[in-house]
Amino acid sequence: MATRVPVRSILKNQPKPTAPTTTPEALQAEKDRHNYALALQHAHRIQDQKDWDLRILHAIEVLLDYPSSTPATAQEANNFVSLVRLFQPSDLDALVEERVIDGKCGYALCANKPRCVTMGREAEWRVGKGEAAFCSNGCAMKSMGVRAQLSVIPAWEREAGCHPVIVLHEDDRALVAGRRSAVPGNSAMTTNPPTVAAKSKHVDDDDLALERGEKATSFRPRQVMTDRIVEKAVPTYKPLSSVSGTVVSSTAIEGYEPKEHKAKRDMTADNAESDDGDDDEDEGDGAGVLDEVDEG
């Protein structure tokens, strides 16, 4: 015989499980443990941020004395790349400012003096305030290239090992690889690569030649456009009335007079003519009266 399951009513309130009774002391202890863990977490984050700030400050102090020789050594170039990876763009600006105060070019691999020292106060309005911190436009371009590769995320907020890879300018890549450009067979002579200023001047000349319509195969490429100045004859403009002989009103627009202005002008002319006629009649009447008086 099958056993019968007792039927439970769904309308009856089921008994709720009783919660474990906690004392106020236990609740306060649990709250204190949570607050302590949260405060400890924030303290670790603040200490980590201070450690990273200290590392960046030490990197700025090291790069402040670079380079020890001219040109910079391969070790200094490698150290520069490894230290700058921790920077933000603002940290690199601080390095440039400190180097300028020390009388050095803002680019850490250059030992020359900045233009704000060699040119004085004129450098700010001659080359600009930002570029006055460098000895040349080439160093300013190299520094801006490094700055563009830096991360705006602070070093203490980045994931472990997630620092940007810094690539130096093509003029300084040989330093990172530890190579020296030399002529084979003569160690005393070195081939100096073209500077950035020379390259930019060549590019500017090519652009100007393209604008002038010059070609590389031209017979006289620099004589396509001459610098001979020819003054053009200034045309003299005469009013319309002097050309056609007609009287042009002051309200006319390019020889055309609107209908409103024309009607007002005609009305004014008619009124003037009628006033003249009345004056003539009055004068005639006065003269007749005078003749009669004389006759009498």
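Where is the place of Pro-71? In this predicted model, Pro-71 is situated in the loop between H1 and H2, and the loop offers a convenient point of entry to the rest of the structure.

The protein as a whole has 10 helices and two strands, and from the N terminus on its elements run in the order α-α-α-α-α-α-α-β-β-α-α-α. Of the 296 residues in the protein, 19% are buried. When contacts between residues at least 6 apart in sequence are considered, 57% of them join residues at least 24 apart.

To return to the loop, Pro-71 is joined to Thr-70 by a cis peptide bond whose omega is about 0 degrees. Pro-67 also lies in the loop between H1 and H2, and the peptide bond that leads from Tyr-66 to Pro-67 is cis, with omega near -15 degrees. Pro-67 counts as buried because its relative accessibility is 11%, where the cut-off for burial is under 20%. The surroundings of Pro-67, leaving aside its neighbours within four places in sequence, consist of contacts with Ala-72, Glu-76, Arg-99, Ala-108, Leu-109, Cys-110 and Ala-111. For one of these partners, Ala-111, the separation from Pro-67 is 44 residues in sequence, while the C-alpha to C-alpha distance is 6.0 Å.

Two of the contacts of Pro-67, Glu-76 and Arg-99, lead on to the helices that come next. In helix H2, which covers residues 74-84, the buried residues are Glu-76, Ala-77, Phe-80, Val-81 and Val-84. Viewed down the axis of H2, these buried residues fall within an arc of 135 degrees, so they line one face of the helix. An α-helix has 3.6 residues a turn, so residues three or four places apart point the same way.

Arg-99 belongs to the buried set of H3, together with Pro-89, Asp-91, Leu-92, Leu-95 and Val-96. The buried residues of H3 fall within an arc of 160 degrees when seen down its axis, and they therefore line one face of the helix. On the face of H3 turned away from this buried side are the exposed residues Glu-97 and Ile-101. Helix H3, residues 89-101, has 13 residues and reaches 19 Å from its first C-alpha to its last, which is close to the 18 Å expected at 1.5 Å a residue. After H3 comes Gly-103, with a positive phi near 80 degrees.

What do the buried residues of H3 pack against? Their partners are helix H1, residues 24-64, and helix H6, residues 137-149. The axes of H1 and H3 come within 10 Å and cross at roughly 35 degrees, and this crossing of H1 and H3 is right-handed. On the H1 side the contact is made by Ile-56, Ile-60, Leu-63 and Leu-64, and on the H3 side by Asp-91, Ala-94, Leu-95, Glu-98 and Arg-99. Sorted by class, the contact of H1 with H3 has six nonpolar and three charged residues, with no polar ones.

H6, the other helix against which the buried residues of H3 pack, has 13 residues and reaches 19 Å from its first C-alpha to its last, close to the 18 Å expected at 1.5 Å a residue. Its buried residues are Gly-138, Cys-139, Ala-140, Lys-142, Ser-143 and Val-146.

Beyond H6, the loop between H6 and helix H7, residues 173-177, contains Ala-155. Is Ala-155 buried or exposed? Ala-155 is buried, because its relative accessible area is 4%, where buried means under 20%. Leaving aside its neighbours within four places in sequence, Ala-155 is in contact with Trp-52 and Leu-86. Ala-155 and Ile-56 are 99 residues apart in sequence, yet their C-alpha atoms are 9.1 Å apart in space. Ile-56 has already appeared among the H1 residues that make the contact with H3, and with that residue the path from the loop after H6 leads back to the crossing of H1 and H3.

Conventions:
Residues numbered from 1 in each chain as written. Predicted model: local features only at pLDDT ≥ 70, side-chain atom pairs only at ≥ 80, totals over all residues. Heavy atoms only, no water. Helix = DSSP H or I, 4+ residues; strand = E, 2+ residues; numbered from the N terminus. Expected span 1.5 Å × (residues − 1). Buried < 20%, exposed > 50% of the residue type's maximum accessible area, 1.4 Å probe, protein only. Arc of directions from axis to C-beta. Contact = heavy atoms within 4.5 Å. Axes fitted to C-alpha atoms, helices over the stretch in contact; angles between N-to-C directions. Left-handed = near helix turned anticlockwise from the far one by under 90°. Nonpolar A, V, L, I, M, F, W, Y, C, P; charged D, E, K, R; others polar.
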